[in-house]
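Please open the model in your viewer and keep the selection panel at hand. The stops below are meant to be taken in order.

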Amino acid sequence: MINRRHIRVKVMQSVYAIQQSHNDDIIREEKFLKHSILKMYDLYVLNFQLLIEVQKLAAKKIALSKKKILATQEDLKPNTKFIDNKLINQLTESVSLEGYVELNKLNNWELDDEYVKIIFDELQKSDLYKKYLNTVDDSFKVDKAFVIDFFKEIIAPNEKLAEYYEDKMISWVDDIPFVNTWVVKTLSKCKQDKTFILSRLYKDKDDEEFVSKLFKKTVLKHKTYEQDITAKTPNWETDRIADIDMILIKMAITEFVSFPSIPVRVTINEFIEIAKDYSTTKSSYFINGVLDKISKEFTKDKRIVKIGRGLL
């Protein structure tokens with residue numbers, strides 16, 4: 001499921017987009033934000049579907065080899081360890097996965113089957129595949145370990161596949177690393193003789209509401225928060241502060257005042273980490289200093305009031 005940090009990243013991107021376009025249609029931008037998160041779930045599902053399609057291609061090749069006029073002993077009695085893989089078969093039999101694919105018409109691997117071939121070719125060339133086929137142990141544990149390694153070593157790092165995803169949905173550029181981790185976590189939790197069920201998109205209703213509230217309040221209050229930031233950065237002109245830094249600080253202030261259950265230190269740490277990935281090399285130090293000053297002043301002036309877990 002999507003975590004709070006990635007939600008913050010998606011909100012940051014939408015706030016940046018609305019400011020750069022000078023568009024004040026918050027409703028439209030919020031719809032796009034939610035749409036991009038929903039499409040990220042499509043990417044998550046496509047990765048499982050790809051595992052299934054690669055296995056299907058392997059089965060098809062085995063079937064064709066058996067029909068050769070001059071079929072070899074290897075063609076007639078092939079190694080079926082991969083097409084019998086218990087974890088991939090769990091994915092194939094999953095009503096949860098099949099239902100989502102059909103409902104959302106995810107026919108990517110039918111229309112663009114060359115990518116299935118690319119991944120299968122890479123798999124066949126790998127030592128991972130050869131070692132797996134020669135493994136005598138026929139357990140779910142071995143099958144599961146292989147599938148996870150297959151995804152981590154061959155699917156996730158494949159540049160052609162990444163380019164394909166990026167062409168399909170621009171917002172997937174930043175989603176790919178998160179989704180790859182999410183897929184591995186989901187596969188790691190699979191158990192023998194258990195039905196495969198897709199992970200939920202959101203942890204709970206609070207996380208889903210967190211998306212809209214953080215976005216809307218940051219956009220609606222950004223002028224007010226800009227004044228607060230200016231007051232704490234007397235040696236900096238507003239236009240000298242990187243756009244992303246300014247957005248991250250405004251989002252953090254929104255969390256300070258609008259989310260009483262989120263501790264101040266958690267908010268500061270989260271935005272420092274995001275700054276390390278999305279802004280300049282010194283941004284995390286700058287953001288930390290500004291937020292520390294603002295949080296102390298807001299707490300003193302009772303603009304920050306935390307309750308429950310937020311007091312930690």
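The tour goes from an internal cavity to the helices. Bear in mind throughout that this is a predicted model.

**First stop: the cavity.** A search of the whole structure finds 1 cavity of 30 Å³ or more, and the volume of this largest cavity is about 60 Å³. To display its lining, select Asn-47, Ile-155, Ala-156, Asn-158, Leu-161, Ala-162, Tyr-165, Ile-176 and Asn-180. If you colour this selection by class, you will find 6 nonpolar and 3 polar residues, with no charged residue in the lining.

**Second stop: the helices around the cavity.** Now select helix 10 (159–168) and helix 11 (172–188), each of which supplies at least two residues of the lining; the largest share, 3 residues, comes from helix 10.

**Third stop: helix 9.** Ile-155, already selected as a lining residue of the cavity, is also among the buried residues of helix 9, so select residues 140–155 next. This helix has 16 residues and reaches 21 Å from its first C-alpha to its last, close to the 22 Å expected at 1.5 Å a residue. Its buried residues include Phe-140, Phe-146, Phe-150 and Phe-151, as well as Asp-143 and Lys-144. Which helices do the buried residues of helix 9 pack against? Show helix 2 (26–66), helix 4 (86–92), helix 7 (114–125) and helix 8 (127–133), together with helix 10 and helix 11, to see these partners.

**Last stop: helix 14.** Select residues 243–258 and place a distance between the end C-alpha atoms: they are 22 Å apart, which agrees with the 22 Å that 16 residues should span at 1.5 Å a residue. Helix 14 is mostly covered, with 14 of its 16 residues buried.

Definitions and conventions. Residues are numbered from 1 along each chain as its sequence is written. This is a predicted model: local features need pLDDT of at least 70, side-chain atom pairs count only at pLDDT 80 or more; totals for chains, interfaces and linings use all residues. Side-chain values use heavy atoms; hydrogens and water are left out. On a 1 Å grid over the protein atoms alone, a cavity is a set of points where a 1.4 Å probe fits but cannot get out, and a pocket is an open set with protein on both sides within 12 Å along at least five of seven lines; lining residues have an atom within 4 Å of a point. Grid points are joined across faces, edges and corners, and a volume is the space filled by probe spheres set on the points. Helices (H or I, at least four residues) and strands (E, at least two) are DSSP runs, numbered from the N terminus. Ala, Val, Leu, Ile, Met, Phe, Trp, Tyr, Cys and Pro count as nonpolar, Asp, Glu, Lys and Arg as charged, and the others, Gly among them, as polar. The expected span of a helix is 1.5 Å times one less than its number of residues. Buried means under 20% relative accessible area, exposed over 50%, partly exposed in between (1.4 Å probe, protein chains only). Contact means heavy atoms within 4.5 Å.
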